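The following exercises ask the reader to work from a displayed model to statements about burial, pairing and contacts. Please examine the sequence and the coordinates before reading the solutions.

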Amino acid sequence: IADGTLQEQNIDFIRSDTFQRIVDGVFFAAGEALGAAFGVSQLREIGLPVLGISGKLTTSELLIREATAACKVPIYRKEELSDPAQILNIIAVAPARRMSASNQDGPGAEPAALATRNNAENCQGAA
């Protein structure tokens, strides 16, 4: 989902029944700690688990510390996100939400999905 969580169409899409049903968690990409804190807060308010934060802010240790303190969400550098073992560990957190929902959906329910959120303005060149 590009262009941020303030875009009306993006919020409508994120809040849609389809998105809510098939997405187990999201990654939020941000350019700085304040943007990360705001975006994570919005996604949590909607009820989406934020699995991690990445983006341009990972180029600065100060921004990583600020975002970690503000968001209480793991921060991942692009090197970590390019490691298949690390991705499997991250995704392993997501099924808890899907499992409870799939019990209600019954046979034929859609498979779990992992959504990534990429803010093109703030995250060019970042993971």
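The exercises below concern a predicted model, and each is followed by a worked solution.

**Exercise 1. The two strands**

Determine how strand 1 and strand 2 are joined, and which helix the chain passes through between them.

Solution. Begin with the pairing: strand 1 (residues 23-29) and strand 2 run parallel and are joined by 4 bridges. Next, place individual residues: Phe 27 has Gly 52 as its bridge partner in strand 2, and Val 26 stands opposite Val 50. Now follow the connection. From strand 1 the chain goes through helix 3 (residues 33-46) to reach strand 2, a β-α-β crossover that is right-handed. Finally, consider burial. In strand 1, 7 of the 7 residues are buried, so this strand is largely enclosed by the rest of the structure. Strand 2 (residues 50-54) is mostly covered as well, with 5 of its 5 residues buried.

**Exercise 2. The aromatic pairs**

State how many aromatic pairs the model contains and classify the geometry of each.

Solution. The count comes to 2 aromatic pairs. One of them is formed by Phe 13 and Phe 19, with 5.0 Å centre to centre and 65° between the planes, which is edge-to-face. The cut-off for that class is an angle over 60 degrees. As to accessibility, Phe 13 has a relative accessible area of 44% and is therefore partly exposed, whereas Phe 19, at 5%, is buried. The rings of Phe 27 and Tyr 76 have centres 5.6 Å apart and planes at 50°, so this pair is tilted. It links distant parts of the chain: Phe 27 belongs to strand 1, Tyr 76 to the loop between helix 4 and helix 5 (78-81), and 49 residues separate them. Both Phe 27 and Tyr 76 are buried.

**Exercise 3. The buried side of helix 4**

Identify which residues of helix 4 are listed as buried, and explain why they can be assigned to one side of the helix.

Solution. The buried residues in helix 4 are Ile 64, Ala 67 and Cys 71. They cover an arc of only 70° around the axis, which puts them on the same side of helix 4. The general principle is that an α-helix has 3.6 residues a turn, so residues three or four places apart point the same way. The next step is to ask what this side faces: the buried residues of helix 4 pack against helix 3 and strand 2. Just after helix 4, Lys 72 adopts a positive phi of about 55°.

**Exercise 4. Two buried residues and their surroundings**

Decide whether Ile 11 and Thr 58 are buried or exposed, and describe the surroundings of each.

Solution. Ile 11 lies in helix 1 (residues 8-15). Its relative accessible area is 14%; because buried means under 20%, Ile 11 is buried. Beyond its neighbours within four places in sequence, Ile 11 is in contact with Thr 5 and Ile 46. Ile 11 and Ile 46 are 35 residues apart in sequence, yet their C-alpha atoms are 9.0 Å apart in space.

Thr 58 is located in the loop between strand 2 and helix 4 (61-71). With a relative accessible area of 12%, Thr 58 is likewise buried. Its side chain reaches the backbone oxygen of Gly 55 at 2.8 Å. Leaving aside neighbours within four places in sequence, Thr 58 is in contact with Ile 64, Ile 75, Tyr 76 and Arg 77. Two of these contacts recall the earlier exercises: Ile 64 is among the buried residues of helix 4, and Tyr 76 is the ring partner of Phe 27.

Technical notes
Residues numbered from 1 in each chain as written. Predicted model: local features only at pLDDT ≥ 70, side-chain atom pairs only at ≥ 80, totals over all residues. Heavy atoms only, no water. Buried < 20%, exposed > 50% of the residue type's maximum accessible area, 1.4 Å probe, protein only. Contact = heavy atoms within 4.5 Å. Pairing = 2+ DSSP bridges. Right-handed = clockwise from strand over helix to strand, strands pointing away. Polar contact = N/O pair within 3.5 Å; in protein donor to acceptor, adjacent residues only side chain to side chain. Phe/Tyr/Trp six-rings, centres within 6.5 Å; stacked < 30°, edge-to-face > 60°. Arc of directions from axis to C-beta.
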